[in-house]
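Trainee: I should like a close look at a single part of this model, namely the packing of its nonpolar core and the elements around it. Please take me through it in one connected account.

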Amino acid sequence: MGTVRLPFEEVKACLCQVLAGRGCPEKKAEKVAHEMARNSLEGVYTHGINRFARLIRNIDEGIVRPGAEPEVTVRMGAMEQVDGHLGLGITNAWFSMEEAVKLAKSYGIGLVALRNTNHWMRAATYGYQACDAGMAAVCFTNTMPNMPTWGAVDSRIGNNPLVFAFPRREGHLITDMAMSQFSYGALELARLQGRQMAIDAGFDTAGNLTRDPDSVIKSQRILPTGYWKGAALSFMLDIFAGVLSDGNTVSEVGRLSGDEHGVSQVFIAVDYRNLVTQEAAERIVEGAVKDLLASGKAQGTDRIIYTGQLTLECRADNLKNGIPVDEGVWSEISSLL
C-alpha cells in the first residue's frame, strides 16, 4: 500500500466519530481527535494517526477509561497532585498543564504531578499549551519498561519523554525528546517506510549495535540517548514522576497486566514575566536564536534550524497539501467506524 493525503478536518472528524462510538464524551472525543490529527498535521505521525488504532484497542480492553475525570487530590501552595483515574491521556495531561498555568499566575510557578494516567501521545502538546498561555514549561512522563540501563541486557527503565518549552512570537521554542536515541514510535514508522535509522538505534538480539529498526524492536534493547547519561536521566525522571505524583514508577507500570497504562507525569509552568519584562525576554531569545542560526554548517548539512522550527514548516505544507497517511493505517482506522 502507498500513502494518501487527507485534509485535517476529514481526519479529525473520522477520529472523533470512532471515539464517540466507544462511548467517549463529546468534548473529550473532540479534544483527543483534534490533538491526534494535529500531531500528524505537524509531522509527529508516530503519535497521531499511526497510534490511533492502538488507543482504541486500549479503550476496548478497559485500560483507558474515556469517561473518567481527573481529580485534584492534594493542593499545597504552588503544587497539586492529581489522580487521572486511568482516563484519556491527552485530556488528563491537558487538565494538568491547565492547572499548572493557573498556579503559575498566582505563585509565579506551578507544579502538577499526575498519577494513574495513560499515554499523553505527543509530549510537546503540553509545552505548546503553556507557551500559548504565555508561560515557559517543563514536563515529563514515565513509561513501561522499554529500555535497558547502560550495560544491561534487560529493559528496566523507560524512554521517559522530557519537554522544555519557551514562548516566542516567531514560533515557540520546543524540545520534545525521549531518553532513547529514537522513540519506539520513530522505529515503527521507519519500519513501516522500509528505511534504516540515520545512526545506531539500539542492539540486535546478538548484542550488536544496529540501525535496523526491526532488529531493535525485536530485541527491545533500544539505545539510551547519550548512552549512560540518557540512562541516568531516565531513571531520575522516573523517580521524580513517581514520588511527586504518589504514583507508579517504571518498574510498577511494568508489573501491570496488558499494554502500557497507569503512568505518572509532571507538569511545570513558569511565569517568567515576574522576573523579566516581556520585551527583555524577547530580546534575549531572539539574540540566542539568531546566533544559533548563524552557525557554520558541517559537510552534508543543508541548513541550521532551531528546535521547533520544522513543526511550523510541516504544518504549513500539510495544511496546503493534506496530511500524508499510510493507506494501511487509514484502512484500519476506517474499519473501526
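Mentor: The account below goes from the core to the sheet and then to one buried polar residue.

The model is predicted, so local features need pLDDT of at least 70 and side-chain atom pairs count only at pLDDT 80 or more, whereas totals for chains, interfaces and linings use all residues. Residues are numbered from 1 along each chain as its sequence is written, and side-chain values use heavy atoms, with hydrogens and water left out.

A nonpolar core is here a set of buried Ala, Val, Leu, Ile, Met, Phe, Trp, Tyr and Cys residues joined through side-chain atoms within 4.5 Å. Buried means under 20% relative accessible area, exposed over 50%, and partly exposed in between, with a 1.4 Å probe and protein chains only. The largest such core has 59 residues, of which Leu-19, Phe-52, Leu-55, Met-97 and Phe-267 touch the most other members. A second, separate core of 21 residues includes Met-147, Ile-157, Met-197 and Ala-231.

Leu-19 belongs to helix α1 (residues 8-21); helices (H or I, at least four residues) and strands (E, at least two) are DSSP runs, numbered from the N terminus. Leu-19 counts as buried because its relative accessibility is 0%. Beyond four places in sequence, its contacts (heavy atoms within 4.5 Å) include Ala-29, Phe-52 and Leu-55. The C-alpha atoms of Leu-19 and Ala-29 are 5.6 Å apart, although 10 residues separate the two in sequence.

Met-97, again leaving out residues up to four places away, touches Tyr-126, Gln-129, Ala-130, Ala-137, Cys-139, Phe-267, Ile-268 and Ala-269.

Helix α4 (residues 89-107) lies across β2, β3, β4, β5 and β11, running at about 160 degrees to β4. Such angles run from 0 to 180 degrees between N-to-C directions, with axes fitted to C-alpha atoms, for helices over the stretch in contact. The open sheet has seven strands in the order β2-β3-β4-β11-β5-β6-β7, with mixed pairing; two strands pair if DSSP finds at least two bridges between them. β2 and β7 stand at the edges with a single partner strand each, so one side of each has no neighbour in the sheet. Strands β5 (residues 136-141) and β11 (residues 263-270) run antiparallel and are joined by six bridges, and Ala-136 stands opposite Val-270 in β11.

Finally, Arg-38 lies in helix α2 (residues 26-41) and counts as buried because its relative accessibility is 12%. Beyond four places in sequence, Arg-38 is in contact with Phe-8, Arg-122, Tyr-128 and Arg-315.
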